[in-house]
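Me: I would like a close look at a single part of this model, followed outward into its surroundings. Please take the chain and its coordinates below as the starting point.

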Amino acid sequence: MDELLSVKNLKKYFPGPKRLLGGIKHHVRAVDDISFHIRPGETLGLVGESGCGKSTIGRLLLRLISPTAGSIFFRGDRIHTLNRRAMRPYRKHLQIIFQDPYSSLNPRMMVKDIIGEGLKRTTRISAIERRERVLDIMEKVGLRPEQYSRYPHEFSGGQRQRICIARAIVMNPALVVADEPVSALDVSIQAQVINLLERLREELNLSYLFISHDLSVVEHISDRIAVMYLGKIVEMADRNQLYNDPQHPYTIALLSALPLPQVGRKKKRIILHGDIPSPLNPPSGCRFHTRCSRATGICRDSEPELKEGDTGHFIACHGN
């Protein structure tokens, strides 16, 4: 199957604190040499602790920020070197759903304008056609026609996130970056939004990069899953492979925290000791070795490559 989006050796370094006499001492290595791809109609889940670089990857794919190094290809086209003007034709194909459904909406704009703004700026359809398109999308995401001329503050959190979803899909995009789209919602509403995203994927043939720290949510919606730690992908595999046979010590520790649905059944909880190292000055060798119970000398001295073990199962660990 052809790749919809491909990332190769992607890096993003942010300037760190300046020296006393000028100059930058260190850079924050938010994303450090990452490669992956997303196929048409596929959902790739991206998980990891806060601050590991998940959201930065999403913004890099949409060119909301520019990469320090590496390549981004969309349908075979190189987009990482394009300026703002050259990126315009790709904007309608690449959309995002932000984490906070309130701060990402303009409180002074009505729903009709929030959802229809992209159509107004990038198409030449009439106002009547635009209204029909907006109403159709509102129906798809579970909003009523009488809410067409309301403002964001008149909606609940779940309804506001539906507005954000409608704004993202109204352009018929190929890829949607969902950046923690349910973390700010109640658990009961989370299930509704996840089911909505899955239904829209089937109806509109969407692909998702689904960013989350909630392993249960990621398991439910993803086809493949990539696990990040301190700017690196440490494991990537098919959903069933990853949850049934995790290989990297970090992935194993994360999955050990998931509660079991069976009453009375227990499993061993793996506690990671120590804090996450600073991305300003990451450890040498494997970045996880300072918290890994399996670490040996080679882990401290040599950085492991992300290599394929079983078919489609990639692990960055010297012990595998």
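Which residues of β7 lie on one side and which on the other, and are they buried or exposed?

Reply: Bearing in mind that this is a predicted model, I would begin with the strand itself and then move outward to its neighbours. In a regular strand the side chains alternate between the two faces of the sheet. In β7, Leu175, Val177 and Asp179 point to one side while Val176 and Ala178 point to the other, and all of these residues are buried, which leaves both faces of the strand covered. Strand β7 spans residues 175-179, and because 5 of its 5 residues are buried, where buried means under 20% relative accessible area, the strand is largely enclosed by the rest of the structure.

The partners of β7 come next. Strand β6, residues 94-97, runs parallel to β7 and is joined to it by 4 bridges, and within this pairing Gln95 stands opposite Val176 of β7. Strand β8, residues 207-211, also runs parallel to β7, here with 5 bridges joining the two, and Val177 of β7 stands opposite Leu209 of β8. To get from β7 to β8 the chain passes through helix α6, residues 187-204, and this β-α-β crossover is right-handed.

These strands belong to an open sheet of 8 strands with mixed pairing, in the order β6-β7-β8-β3-β9-β10-β12-β11. The edges are held by β6 and by β11 (307-308), each of which has a single partner strand, so one side of each is left without a neighbour in the sheet. Helix α1 packs on this sheet, where it touches β3 (43-47), β6, β7, β8 and β9 (224-229), and its direction makes about 150 degrees with that of β8. Further along the order, strand β10 (residues 232-238) and strand β12 (residues 314-315) pair in the antiparallel sense over 2 bridges, with Met236 standing opposite Phe314 of β12.

There is also an open sheet of 4 strands, with the order β2-β1-β4-β5 and antiparallel pairing. Its edges are β2 (27-38) and β5 (77-78), and since each of them has a single partner strand, one side of each is left without a neighbour in the sheet. Helix α1, residues 54-61, packs on this sheet too, touching β1, β2 and β4 (69-74), and its direction makes about 65 degrees with that of β2. Strand β1, residues 5-15, pairs with β2 in the antiparallel sense over 9 bridges, and Phe14 stands opposite Val28 of β2.

Two backbone details in this region deserve a careful look. Asn9, which lies in strand β1, has a positive phi of about 50 degrees although it is not a glycine, and Asn9 is partly exposed, with a relative accessible area of 44%. Arg75, in the loop between β4 and β5, likewise is a residue other than glycine with a positive phi, near 50 degrees.

Finally, there is a helix pair to consider. Helix α3 (residues 111-122) and helix α4 (residues 127-140) pack at an angle of about 120 degrees, with their axes 10 Å apart, and α3 and α4 are therefore oblique to each other. Their crossing is right-handed, and the contact is made by Val111, Lys112, Ile115, Gly116, Leu119 and Lys120 on the α3 side and by Arg130, Arg133, Val134 and Met138 on the α4 side.

Technical notes. Residues numbered from 1 in each chain as written. Predicted model: local features only at pLDDT ≥ 70, side-chain atom pairs only at ≥ 80, totals over all residues. Heavy atoms only, no water. Buried < 20%, exposed > 50% of the residue type's maximum accessible area, 1.4 Å probe, protein only. Pairing = 2+ DSSP bridges. Right-handed = clockwise from strand over helix to strand, strands pointing away. Contact = heavy atoms within 4.5 Å. Axes fitted to C-alpha atoms, helices over the stretch in contact; angles between N-to-C directions. Parallel < 35°, antiparallel > 145°, perpendicular 65-115°, else oblique. Left-handed = near helix turned anticlockwise from the far one by under 90°.
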